[in-house]
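Me: Hi, I'm new to this one and would like a walk through it. Can we start with the words you'll be using?

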Amino acid sequence: MMRTTAVKNATRKVLVGWAKESRRYLSSPANCKHNHRSQSQILLSPPLVSLDLPEIWGSDSSHFDPHQPPSSITRSKVIDGKSIAEEIRSRVAVDVKRMKESIGKVPGLAVILIGRRRDSLTYVRNKIKACEEAGIKSALAELPDCCAEEDVMTALLKFNEDPSIHGILVQLPLPEHLDEEKILNVVSLEKDVDGFHPLNMGNLSMRGREPLFVPCTPKGCLELLIRSGVEIVGKKAVVIGRSNIVGLPISLLLQRHHATVTIVHACTRNPERITCEADIVVTAAGVPNLIRSSWLKPGAVVIDVGTCPIEDPSAEYGYRLVGDVCFEEALRIASAVTPVPGGVGPMTIAMLLCNTLDSAKRLYGFT
Ligand SMILES: NC(=O)C1=CN([C@@H]2O[C@H](COP(=O)(O)OP(=O)(O)OC[C@H]3O[C@@H](n4cnc5c(N)ncnc54)[C@H](OP(=O)(O)O)[C@@H]3O)[C@@H](O)[C@H]2O)C=CC1
Ligand SMILES: Nc1nc(=O)c2c([nH]1)NC[C@@H]1CN(c3ccc(C(=O)N[C@@H](CCC(=O)O)C(=O)O)cc3)C=[N+]21
């Protein structure tokens, strides 16, 4: 019963948010050329975050943060994902505390880690540490590389049924012998904080529909753009990569924010000619130094999702991460660039905490 009310409230919230955003979009002078059309003809992007984050998902890409003075929207050349993520995480922590004090519940995240890939171990460690710092409960199921699909399903079903768990993440990539599609299909839709369930992805891609969760990395990229004051409406955006978990959802999100989006992938001929016309380049290819200065238009904004581990015995864990972008070259020509590390990566984790909190709020009808 309580659950039904909570879901109804959440639905109402989305609708109210949608209507509010519609009004804002239609009344914005920048969009007045649309005003003669009927509202239903306009692709409106409703807010995607129902956490009490700033109203940053508005269709006009302008953002408003009730906790920050407007002067905080500054454009520096290096987009500092680490500090933006820290700010979001501390606000999640405040909300978690408020939830605990008022209803005696905290959000819970379960992570399923299969095998011992070095990078996966680091990411999972970081996610669990971030949960602890935000007051979110975490549970880790570690399975050996050679585990059977059934073992994964058992762990998944246990978390699906556990009322103290509001988010479930199956760390990818999985070992070769496991069927990723089959496994991700089993994650409860209401706990799919990664947003990888086909129904969440489908709703993200369809006009007029709302996913319960938006994938963390794509959401983090948009958050970085919006918080850095980058205008998206009507801009030419190029996304490099079309994977289900990064490239595709990023392109869908940019489209929801009214960018004109081109997708570049491994079979694209002459990608450089396409990227050098873009106002915004989001790259998620996993190819170190793919993006040279000749690939960029002067003044472009560059979001580097790529994280390639490169052997480095002098680094703490024996490797360091490099992005897709030749950072020094990009700095010379772009108006803003995200670094690797310290750009999109920390935002992915911050968005995971947001989605987990959001999930718990939705379940308990807590606002
Ligand atoms: N910072 C973060 O939080 C995260 C970072 N990542 C990183 O982002 C990168 C991409 O991840 P993911 O999407 O999972 O990787 P995938 O390998 O699944 O996808 C890579 C995509 O890039 C395309 N691609 C590969 N090489 C080229 C090229 N030379 N030119 C143009 N396109 C190319 C591929 O094209 P095609 O489809 O034709 O094969 C594919 O669509 C990786 O480095 C990963 O580590 C991933 C998740 C989160
Ligand atoms: N189900 C699932 N969901 C994911 O979101 C997911 C995944 N599987 N598999 C792997 C990719 C990769 N990913 C990153 C998360 C954080 C950083 C991150 O925090 N990076 C830090 C550095 C990390 C470090 O090395 O210490 C940075 O860029 O500054 C990077 C990458 C999430 N992924």
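Reply: Sure. Helices (H or I, at least four residues) and strands (E, at least two) are DSSP runs, numbered from the N terminus. This is a predicted model, where local features need pLDDT of at least 70, side-chain atom pairs count only at pLDDT 80 or more, and totals for chains, interfaces and linings use all residues. Residues are numbered from 1 along each chain as its sequence is written, while chains are lettered from A and ligands numbered from 1 in the order in which they are written.

Me: Ok, ligand 2 then. Which element gives the largest share of its shell?

Reply: That's helix 11, with four residues. Helix 3 (118–134), strand 3 (167–170), helix 7 (216–227) and helix 11 (344–364) each supply at least two.

Me: And how many residues surround ligand 2 in total?

Reply: There are 19, and the closest are Tyr123, Leu172, Pro341, Gly345 and Thr348. A residue is near a molecule or strand if its C-beta atom, placed from the backbone, lies within 6 Å of it.

Me: What kinds of residues make up the shell around ligand 2?

Reply: The split is 10 nonpolar, eight polar and one charged. Here Ala, Val, Leu, Ile, Met, Phe, Trp, Tyr, Cys and Pro count as nonpolar, Asp, Glu, Lys and Arg as charged, and the others, Gly among them, as polar.

Me: Now ligand 1. Which residues come nearest to it?

Reply: Gly241, Ser243, Ala266, Gly286 and Thr348, out of 26 around ligand 1. Helix 11 gives the most to this shell, with three residues. By class, the shell around ligand 1 has 14 nonpolar, 11 polar and one charged.

Me: Helix 11 again! What does helix 2 do beside it?

Reply: Helix 2 (residues 81–103) and helix 11 have axes that come within 8 Å and cross at roughly 20 degrees. That makes the two helices roughly parallel. Axes are lines fitted to C-alpha atoms, for helices over the stretch in contact, and angles run from 0 to 180 degrees between N-to-C directions. Angles under 35 degrees count as roughly parallel, over 145 as roughly antiparallel, 65 to 115 as roughly perpendicular and the rest as oblique.

Me: Which residues of helix 2 and helix 11 meet?

Reply: Among them are Ile84, Ile88, Val92 and Met99 in helix 2, and Met347, Ala350, Leu353 and Leu357 in helix 11. Contact means that the C-beta atoms, placed from the backbone, lie within 7 Å. The residues of this contact divide into 17 nonpolar, one polar and three charged.

Me: At what angle do helix 7 and helix 11 pack?

Reply: About 110 degrees, with their axes 8 Å apart. So helix 7 is roughly perpendicular to helix 11. Cys216, Gly220 and Leu224 are among the helix 7 residues that meet helix 11, whose side includes Val344, Thr348 and Asn355. That contact has eight nonpolar, four polar and two charged residues.

Me: How do the axes of helix 7 and helix 8 cross?

Reply: At roughly 40 degrees, coming within 8 Å. Helix 7 and helix 8 are therefore oblique to each other. Pro218, Cys221 and Leu222 of helix 7 make the contact with Pro249, Ile250 and Leu253 of helix 8. Those residues divide into six nonpolar, no polar and no charged.

Me: Switching topic: which peptide bonds are cis?

Reply: One joins Leu172 and Pro173, with omega about 0 degrees. Another runs from Val340 to Pro341, with omega near -5 degrees. Pro173 lies in the loop between strand 3 and helix 5 (180–186), and Pro341 is in the loop between strand 10 (336–337) and helix 11.

Me: What's up with the phi of His258?

Reply: His258 has a positive phi of about 70 degrees although it is not a glycine. Most residues other than glycine have a negative phi, and most peptide bonds are trans. You'll find His258 in the loop between helix 8 (247–256) and strand 5 (260–264).

Me: Last one: what does UniProt list for residues 79–194?

Reply: An unreviewed entry there gives "domain: Tetrahydrofolate dehydrogenase/cyclohydrolase catalytic" for that span. UniProt positions are given in the numbering used here, feature names are shortened, and annotations may be inferred rather than shown by experiment. Over residues 79–194 the chain is 52% helix and 16% strand, with the end C-alpha atoms 24 Å apart.

Technical notes. Contact = placed C-beta atoms within 7 Å.
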